[in-house]
Amino acid sequence: MFELNIEKSWCDAVYARSSVRKYTGAPDKEQLDRLGVLCRKLSWQGVTIRMFKGPGLRSQIRGTDVYAVIIAKQGTPMEVEGFMGEALVLEATAMGLGSCWLGAGYYPDIISRNVNLQNDEAVHCVIALGKAQLPAFAPKRKPLEKVCGMTEAQLGELGTWQKEAVLAARVAPSAINMQPWKITADKTSVTISEPTAVLYKKYAALDRGICMLHATVGAFKAGRKAAWKKVDGGYAMRA
Ligand SMILES: Cc1cc2nc3c(=O)[nH]c(=O)nc-3n(C[C@H](O)[C@H](O)[C@H](O)COP(=O)(O)O)c2cc1C
């Protein structure tokens, strides 16, 4: 599980994105085709991602009517939704597009009708996509030491892949920027798990999946291929 061909361009994309809610237009035809191809590649391990153009987004998103819907088969860990969805976000970023994860910013009835949602399927999030009105800005995140209990230099002593994985994981987006993860790094692994107190649990597992994709991209940047294993309260990566 959590196996994916990582693109080199995503290494920069993890640091170059921020949520976009105002757009100057939808992606053009060529961009839509490229995103459509990627959605097909990302549709496995219990998740299907489909692109739509038309009504469905609430008014907090302005200037685009294009969005991707993440459809999960019953029993699929929510982390997979975050992992695959964030791959689409990073590819869109690398293509120069803006995006925004939406847990609440869409009309569920329209989306369910569009995707012809089956009884054993659920939609928890959609992703708005389009041409951003403004450039991305560095989003606020918890300090590195608070997230993993280590400085960048201490992480570097463990290994380059651990350092790059944790730095990329730290900047992952999450619902209402809660960053509901605890990151632990040691000589052999990087673990992303639930902290003891999570105020807003609804998307915590999905957020964790987003964070795991960022860690995977960080390890890739250091020349390593990540392998994830379920552990108590989260997932551990060896690379
Ligand atoms: C699972 C999830 C759900 C989200 N839902 C919404 C939403 O409904 N409306 C919205 O404006 N932003 C939404 N966001 C965007 C977050 O608010 C944003 O990612 C976070 O504040 C961090 O900022 P950044 O994306 O600019 O780095 C969501 C993000 C995630 C990961």
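How many Å separate an oxygen atom of the ligand from an N or O atom in the side chain of Q60? In this predicted model, the separation is 2.8 Å, and the legends below take the ligand and its surroundings in turn.

**View 1. The ligand in its pocket.** The ligand sits in the largest pocket, where 22 residues surround it, the closest being R17, S19, R21, Q60 and R141. Strand β4, which covers residues 98-102, and helix α8 each supply at least two residues of this shell.

**View 2. Polar atoms facing the ligand.** An N or O atom in the side chain of R141 lies 2.6 Å from an oxygen atom of the ligand, while for A104 a polar backbone atom lies 2.9 Å from a ligand oxygen. Taken alone, the ligand would expose 620 Å², and the protein buries 88% of that area.

**View 3. H214 within helix α8.** Helix α8 runs through residues 204-221 and contains H214, whose relative accessible area is 0%, so this residue counts as buried. Leaving aside residues up to four places away in sequence, H214 touches V14, E86, L90, A168, A169, V171, A172 and P173.

**View 4. The covered helix α7.** Helix α7, made up of residues 160-170, is mostly covered, since eight of its eleven residues are buried. The buried residues of α7 are W161, Q162, E164, A165, V166, L167, A168 and A169; A168 and A169 also appear among the residues that H214 touches.

Technical notes: Residues are numbered from 1 along each chain as its sequence is written. This is a predicted model: local features need pLDDT of at least 70, side-chain atom pairs count only at pLDDT 80 or more; totals for chains, interfaces and linings use all residues. Side-chain values use heavy atoms; hydrogens and water are left out. Helices (H or I, at least four residues) and strands (E, at least two) are DSSP runs, numbered from the N terminus. Buried means under 20% relative accessible area, exposed over 50%, partly exposed in between (1.4 Å probe, protein chains only). Contact means heavy atoms within 4.5 Å. A residue is near a molecule or strand if one of its heavy atoms lies within 4 Å of it. A polar contact is a pair of N or O atoms within 3.5 Å; within protein, one must be able to donate a hydrogen and the other to accept it, and residues adjacent in sequence count only if both atoms are side-chain atoms. Accessible areas come from the Shrake-Rupley method with a 1.4 Å probe; for residues, only the protein chains shown count as cover. On a 1 Å grid over the protein atoms alone, a cavity is a set of points where a 1.4 Å probe fits but cannot get out, and a pocket is an open set with protein on both sides within 12 Å along at least five of seven lines; lining residues have an atom within 4 Å of a point. A molecule sits in a cavity or pocket if more than half of its atoms lie within 2 Å of its grid points.
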